[in-house]
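Got your viewer open? Load the model, switch to a cartoon view, and let's walk through it together.

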Amino acid sequence: VIPPSKEEMDILFKLTMQGDILGIQERAEKLMRHSELKLFGENIYRLAKALLIDDIQEFLDQFMKKEK
């Protein structure tokens, strides 16, 4: 799974902290349009559709820790 840019990760993290499910789904849909980010977007979208905010945060945290 290839994560998006740091800027996109920051946006997704902010939306997650706000509990903005629709915003998360919209961003995930945009990511799914890029072949290299499709799997990442699908994972986020699936979690958002199931309203699993905590799981989205954990998923994002995995990649944000790798960036450091």
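We'll begin with the whole chain and then select a handful of residues one by one.

**The whole chain**

Keep in mind from the start that this is a predicted model. Colour by secondary structure and you should find four helices and zero strands. Followed along the sequence, the pattern reads α-α-α-α.

Now zoom out and turn the chain around. The C-alpha trace spans about 25 × 25 × 15 Å along its principal axes. A compact globule of 68 residues would have a radius of gyration near 11 Å, and this chain has 10 Å, so the two agree.

Switch on the surface next. The accessible surface comes to about 4,400 Å², and carbon and sulfur atoms account for 53% of that. Of the 68 residues, 35% count as buried. If you like contact maps, look at the pairs with a separation of 6 or more: 52% of those contacts join residues 24 or more positions apart.

One last overview: colour the charged side chains. You'll get 11 positive and 13 negative ones, and the centres of the two sets lie 2 Å apart.

**Stop 1: Phe40**

Select Phe40, which you'll find in helix H3. Is Phe40 buried or exposed? Phe40 counts as buried, because its relative accessibility is 0%, and the cut-off for buried is under 20%.

Show what surrounds Phe40. Setting aside neighbours within four places in sequence, the residues in contact with Phe40 include Val1, Ile2, Pro3 and Pro4. Met9, Leu12 and Leu31 are also among the contacts of Phe40, as are Phe59, Leu60 and Phe63. For a distance to draw, try Phe40 to Asp55: their C-alpha atoms are separated by 13 Å, with the two positions 15 residues apart along the chain.

**Stop 2: Asn43**

Stay in helix H3 and pick Asn43. Asn43 has a relative accessible area of 17%, so this residue is buried. Beyond its neighbours within four places in sequence, Asn43 is in contact with Val1 and Phe59. Both names should ring a bell, since Val1 and Phe59 were on the list for Phe40 too.

**Stop 3: Glu8**

Jump to helix H1, residues 6–18, and select Glu8. At 14% relative accessibility, Glu8 counts as buried. Which side chain does the side chain of Glu8 make a polar contact with? Show Arg27 as sticks: the polar contact between the two side chains is 2.6 Å. With neighbours within four places in sequence left aside, Glu8 is in contact with Arg27 and Leu31. Leu31 also appears among the contacts of Phe40.

**Stop 4: His34**

Next, find the loop between helix H2 (21–32) and H3, where His34 sits. His34 has a relative accessible area of 41%, which means it is partly exposed. Draw a line from His34 to Pro4: they are 30 residues apart along the chain, and their C-alpha atoms are separated by 9.9 Å.

**Stop 5: Leu51**

Finish in the loop between helix H3 (38–49) and helix H4 (53–67), and select Leu51. What is the sign of phi at Leu51? Leu51 has a positive phi of about 60 degrees, although it is not a glycine. That is worth a look because most residues other than glycine have a negative phi. Turn the surface back on here: Leu51 is exposed, with a relative accessible area of 60%.

Methods
Residues numbered from 1 in each chain as written. Predicted model: local features only at pLDDT ≥ 70, side-chain atom pairs only at ≥ 80, totals over all residues. Heavy atoms only, no water. Helix = DSSP H or I, 4+ residues; strand = E, 2+ residues; numbered from the N terminus. Rg over C-alpha atoms; globule rule 2.2 N^0.38 Å. Buried < 20%, exposed > 50% of the residue type's maximum accessible area, 1.4 Å probe, protein only. Contact = heavy atoms within 4.5 Å. Areas by Shrake-Rupley, 256 points an atom, 1.4 Å probe, with all protein chains shown as cover. Lys, Arg positive; Asp, Glu negative; His and termini not counted. Charge placed at Lys NZ, Arg CZ, Asp CG, Glu CD. Polar contact = N/O pair within 3.5 Å; in protein donor to acceptor, adjacent residues only side chain to side chain.
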